[in-house]
Structures are given as C-alpha cells and as structure tokens.
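Trainee: Could we go through this model together? I should like to begin with a single side chain.
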Amino acid sequence: MEGPAKQENFILGSCGTDQVKGVLTLQGDALSQADVNLKMPRNNQLLHFAFREDKQWKLQQIQDARNHVSQAIYLLNNRDESYQFRTGAEVLKLMDAVMLQLTRARNRLTTPATLTLPEIAASGLTRMFAPALPSDLLVNVYINLNKLCLTVYQLHALQPNSTKNFRPAGGSVLHSPGAMFEWGSQRLEVSHVHKVESVIPWLNDALVFFTVSLQLCQQLKDKISVFSSYWSYRPF
C-alpha cells in the first residue's frame, strides 16, 4: 500500500552443511536476485549461479497469503459506517468468514506445497539462472513459517541395466537422497540434498499477527454466543 517494496538481502545458511552458501534478495513477494555457490561433494568443484538480471521469481505462498488477508479486510469493510448488525448470528457468520480467510493465509506460510521431483524439474525456477543450471541439479525455493528456504538436489542417472528397483517418489516438501523419478527418457535418483535457509523477520511478525487476529475474532464469537444464550432463555 505504501509504494514499491524495498529490497532486502538474506544470507542463507545451515548448521549442518557448508556445501551451499548464498544470498537471496527479497522484494515484497518476489525474489529479485539470487546468488548461490555450491561445492560439489565428489570433487569439491565450486559452482556459482545467479538469477538473470531480467528475471524475478514470485513466491506464490506470500502472494496467496496477501490475497487472503485482502479478502478478510474486504469482508470487514464492505458495509457503510452507519450499518447496524441486527442479530448475533449475523456477526458470527461474518467472523467465521473472516477467520476462514485468516486461517488460509496463515496456512499458506506454515504449510509449503508438496511437490514431486518432476514438478520441481518443470518449474520455471530452473530457467531463472545464468549460467543455466547443470542438468544434474534441481533447485526449489519456498516459505516455511518465518523462513525462506532454498533446496538444491544433486542427481545422477540410473543406468538402463541397473538392478535397483525403480520406484518413483511421491510429492514432498523435502525429498531425501535415494528418491527416484523419471524425466524425459531418463530415470534419475537424488544423490545429495542441500537445504539452507534464512529467517525473514516480517514473516515472523505476520504469523504473530495472524494468531492475535484469530484470537480476537474468537473472543468476539464467544461473547456473542454468551449473550445469544441469555436472550434465548429470558423468562419474559
């Protein structure tokens, strides 16, 4: 509402690995820049890849959460200031609708999408980088609670005469080494998984505000219910 969102840089890190290091630049609901270094486990070769300058990657979770909040605000403001509620049931119905939107908004931040490996491979994110990602790498970015997460999957091709029992992996937020999938005419297996993340302070604030907002709505519902039961059992 206050104009263009400012750019914020977040350093990616993990206490368990230094194989991946990088900086992601977030501008509102979009990644405007990414600069990532990957140290290959087998030969310690260092790979560097960054977003093309003409590209931005929209974070659908933040977009969806914002849309749900906008819908909740619309529900609350969609009346004249002079409007008078006539029944408790009318207020309860409004609170239920508002709470549904707030819950959906919070859930978009707390519950990342479960994707199959082919879905990650088909994602436009893999085409955002310059130089282009090697064919044996997959990248996924998502929000989990108050964290911006980057996952890098290293792959290797299964040979046609492989004795391994090929079993395609289902959808998951984070796939494990050994997960298999088919892409084009190849059967591939995840050999290494590297996950790094950074805390986004304003996402933490948003989650707190969602909790407080839902509590306020519930308190109003409880008070209406108390008065409704009183009105229902008046002796006169």
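Mentor: At 5% relative accessibility, histidine 175 counts as buried, because buried means under 20% relative accessible area, exposed over 50% and partly exposed in between (1.4 Å probe, protein chains only). This is a predicted model, in which local features need pLDDT of at least 70, side-chain atom pairs count only at pLDDT 80 or more, and totals for chains, interfaces and linings use all residues. Residues are numbered from 1 along each chain as its sequence is written, and side-chain values use heavy atoms, with hydrogens and water left out.

Trainee: Where does histidine 175 lie?
Mentor: Histidine 175 lies in the loop between strand 8 (147–157) and strand 9 (180–183). Strands (E, at least two residues) and helices (H or I, at least four) are DSSP runs, numbered from the N terminus.

Trainee: Which backbone oxygen does the side chain of histidine 175 reach?
Mentor: That of leucine 115, at 2.8 Å.

Trainee: And what is histidine 175 in contact with?
Mentor: Leaving aside neighbours within four places in sequence, the contacts of histidine 175 (heavy atoms within 4.5 Å) include Leu115, Tyr153 and Val193.

Trainee: Turning to strand 8, is threonine 151 buried or exposed?
Mentor: Threonine 151 is buried, with a relative accessible area of 0%, and its place is in strand 8. Not counting residues up to four places away in sequence, threonine 151 touches Leu174, Val193 and His194, among others.

Trainee: What about leucine 150?
Mentor: Leucine 150, also found in strand 8, counts as buried at 3% relative accessibility. Among the residues that leucine 150 touches, again not counting those up to four places away in sequence, are Leu12, Val36 and Val196. Leucine 150 and glycine 13 are 9.6 Å apart in space, C-alpha to C-alpha, and 137 residues apart in sequence.

Trainee: How many disulfides does the structure hold?
Mentor: Zero, where a disulfide is a pair of cysteine sulfur atoms within 2.5 Å. Cysteine 149 is buried at 1% relative accessibility, and cysteine 217 is buried at 9%.

Trainee: Now the second largest pocket: which residues lie nearest its centre?
Mentor: Gln60, Gln61, Leu115, Asn140 and Val141 do, out of 16 lining residues. Strand 5 (57–58), helix 1 (60–77) and strand 7 (137–144) each give two or more residues to this lining, and the largest share, four residues, comes from strand 7. A pocket is an open set of points on a 1 Å grid over the protein atoms alone where a 1.4 Å probe fits, with protein on both sides within 12 Å along at least five of seven lines; lining residues have an atom within 4 Å of a point.

Definitions and conventions: Polar contact = N/O pair within 3.5 Å; in protein donor to acceptor, adjacent residues only side chain to side chain.
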